[in-house]
Structures are given as C-alpha cells and as structure tokens.
Amino acid sequence: GSTVTLTNTTVPNTGFGSVASFSSGGPRDQDSALKPEVAAPGVSVASAGMGTGAGPSVMSGTSMATPMTSGSAALVIEAHPDWSPSQVKAALIDTSNDTTKIDGYNVRLAGAGVVQADQAVATLAMATTADGLDTLSYGYDPAGGAWAAAKSFTLHNTGSSDVTYDLSQEANGSQWGSTLAISPTSVTVQIGR
C-alpha cells in the first residue's frame with residue numbers, strides 16, 4: 001500500500017576513462033604473460049550500498065571491475081552454452097578492442113581494452129591458444145643477445161558463413177628494437193572450424 005518515487009540523478013565520475021592509479025600492471029610474474037587481458041569500469045563506480053541510506057556505495061578497483069567482467073562472461077555463456085571456457089575468455093578478449101575508451105591507454109595496464117559485453121555476445125569467431133592464455137605472450141628474456149620465438153593461435157568460426165581475417169600488428173609503447181612478423185596476413189576460416 002505504500003508509494004515509492006524514484007528520481008534519476010547524475011553522478012559525476014571524472015576518472016571514469018582512466019585506469020585507477022593503484023592498478024597493478026603486467027606482465028605476470030614467473031612467465032611474463034599478459035595481465036590483465038581486459039579492462040572494465042572500476043573507478044568510482046556507484047552501486048547499491050548497504051548502510052548508505054538513500055545514497056549509493058561508490059567503490060573503485062577489482063570490487064567493481066570484476067563483476068563487470070564476470071557478468072559479461074555470464075552473458076556470453078548464456079548466448080553460447082556449448083562454448084568452452086577458453087572460447088568464452090577469447091571472445092571477451094578479442095572484442096575488447098576499443099582502446100579509445102581508456103585515457104592514456106597502455107596494454108600493460110588495460111590489456112586488449114574495455115570489455116564490450118554486447119560484442120562478446122554477438123561474436124561468432126575467436127582466437128585461442130594451446131596454452132590457454134588466449135593471448136600471444138612471449139615470456140621473459142634478459143636480452144643477452146639475439147632472441148627469436150614463434151607463436152601460433154587457432155581461429156574459430158561458429159557462425160553460418162566463412163570468415164576472413166586480415167592479420168596485422170599494432171605497437172603500444174616502445175618495441176625496444178624488436179620486430180614482429182605475421183604469416184600469413186590473410187586467413188579464411190570455414191564454417192564450424
């Protein structure tokens with residue numbers, strides 16, 4: 001028998017496009033794998049709070065970014081229940097490619113970019129790696145001389161038509177004299193591969 005009135009309000013969030021100053025950056029210890037693989041909104045996020053009265057709880061960090069990422073993964077699983085965990089992870093990484101949403105983007109702090117749940121759900125193709133990282137991490141070398149390594153990945157197509165990829169690289173930051181070659185530069189993945 002009670003009446004509740006809800007009104008919208010604007011909550012300023014000037015740091016929304018930035019990586020939190022206290023965020024850890026990769027690469028990961030031991031094997032120098034890329035971490036984090038993706039970024040998610042996690043700076044000054046207003047959410048429902050306990051003990052806050054009528055106000056929101058405003059938090060930053062993993063407490064906010066993790067639910068955004070895991071919720072996105074849950075949506076991908078709901079849309080594609082037959083996908084493996086590696087395919088779900090790869091779909092999230094592969095579609096998190098809008099680095100323009102991150103001020104001062106750095107791959108060491110934000111991985112592939114901001115999680116895009118709608119694109120991850122809609123994608124029908126992804127790239128996975130045999131080591132389960134689903135990224136091409138080359139490990140650590142103390143630069144004692146010339147060094148070379150080759151990495152491979154598998155392209156999957158769960159759609160109803162062939163998909164053609166044009167493969168290229170984009171550097172972020174200094175490459176410290178390193179070079180990367182991709183071969184082949186174009187690949188067509190047939191249905192169901």
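Q: What distance separates the backbone nitrogen of L133 from a polar atom of the side chain of T129, and what makes this a polar contact?
A: In this predicted model, the distance is 3.4 Å. A polar contact is a pair of N or O atoms within 3.5 Å; within protein, one must be able to donate a hydrogen and the other to accept it, and residues adjacent in sequence count only if both atoms are side-chain atoms. The pair of T129 and L133, at 3.4 Å, therefore falls under the term. The side chain of T129 also makes a polar contact with the side chain of D131, at 2.5 Å.

Q: How is the model to be read?
A: As a predicted model, it requires pLDDT of at least 70 for local features and pLDDT 80 or more for side-chain atom pairs, while totals for chains, interfaces and linings use all residues. Residues are numbered from 1 along each chain as its sequence is written, and side-chain values use heavy atoms, leaving out hydrogens and water.

Q: Why is T129 called buried?
A: T129 has a relative accessibility of 11%. Buried means under 20% relative accessible area, exposed over 50%, and partly exposed in between (1.4 Å probe, protein chains only); T129 therefore counts as buried. Its place is in the loop between β3 and β4.

Q: Which residues does T129 touch, not counting residues up to four places away in sequence?
A: T129 touches D134, T135, L136, S152 and F153 on that count, where contact means heavy atoms within 4.5 Å.

Q: Buried or exposed: how is Q30 classed, and how is S32 classed?
A: Q30 has a relative accessible area of 75% and is therefore exposed, whereas S32, at 19% relative accessibility, counts as buried. Both lie in the segment before β1. Phi is positive in each: near 85° for Q30 and near 60° for S32.

Q: What makes S84 partly exposed?
A: The relative accessible area of S84 is 29%, so this residue is classed as partly exposed. S84 lies in the loop between α1 and α2. From S84 to S178 the C-alpha distance is 34 Å, with their positions 94 residues apart in sequence.

Q: Why are β3 and β4 said to pair?
A: Four bridges join β3 to β4 (residues 154-157). Two strands pair if DSSP finds at least two bridges between them, so β3 and β4 satisfy the criterion. The two strands run antiparallel, and L155 in β4 is the bridge partner of A127. Helices (H or I, at least four residues) and strands (E, at least two) are DSSP runs, numbered from the N terminus.

Q: How do you know that both faces of strand β3 are covered?
A: In β3 (residues 125-128), A125 and A127 are buried on one side, and M126 and T128 are buried on the other. In a regular strand the side chains alternate between the two faces of the sheet.

Q: What makes up the largest nonpolar core?
A: Twelve residues form this core: V38, A73, V76, W83, V88, A90, A91, L92, I93, V115, A120 and M126. α1 (62-79) and α2 (85-94) each supply at least two of its residues, and α2 gives the most, with five. A nonpolar core is a set of buried Ala, Val, Leu, Ile, Met, Phe, Trp, Tyr and Cys residues joined through side-chain atoms within 4.5 Å. A second, separate core has six residues, including A125, A127, L167 and V189.

Q: Which elements do the buried residues of α2 pack against?
A: They pack against α1, α4, β3 and β4. The buried residues of α2 are Q87, V88, A90, A91, L92 and I93. A73 touches V88 and L92, with residues up to four places away in sequence not counted.

Q: Why does T123 count as buried?
A: T123 has 16% relative accessibility and therefore counts as buried. T123 sits in the loop between α4 (117-122) and β3. Its side chain reaches the backbone oxygen of A125 at 2.9 Å. Leaving aside neighbours within four places in sequence, T123 is in contact with H80, W83, A91 and T95.

Q: What places K151 over the face of Y138?
A: K151 lies 6.0 Å from the ring centre of Y138. A charge sits over a ring if NZ of Lys or CZ of Arg is within 6 Å of the ring centre and within 35 degrees of the ring normal.

Q: Where are the cis peptide bonds that involve P27 and P184?
A: One joins G26 and P27, with omega about 5°; P27 is in the segment before β1 (45-47). Another joins S183 and P184, with omega about -5°; P184 is in the loop between β5 (163-166) and β6 (186-189).
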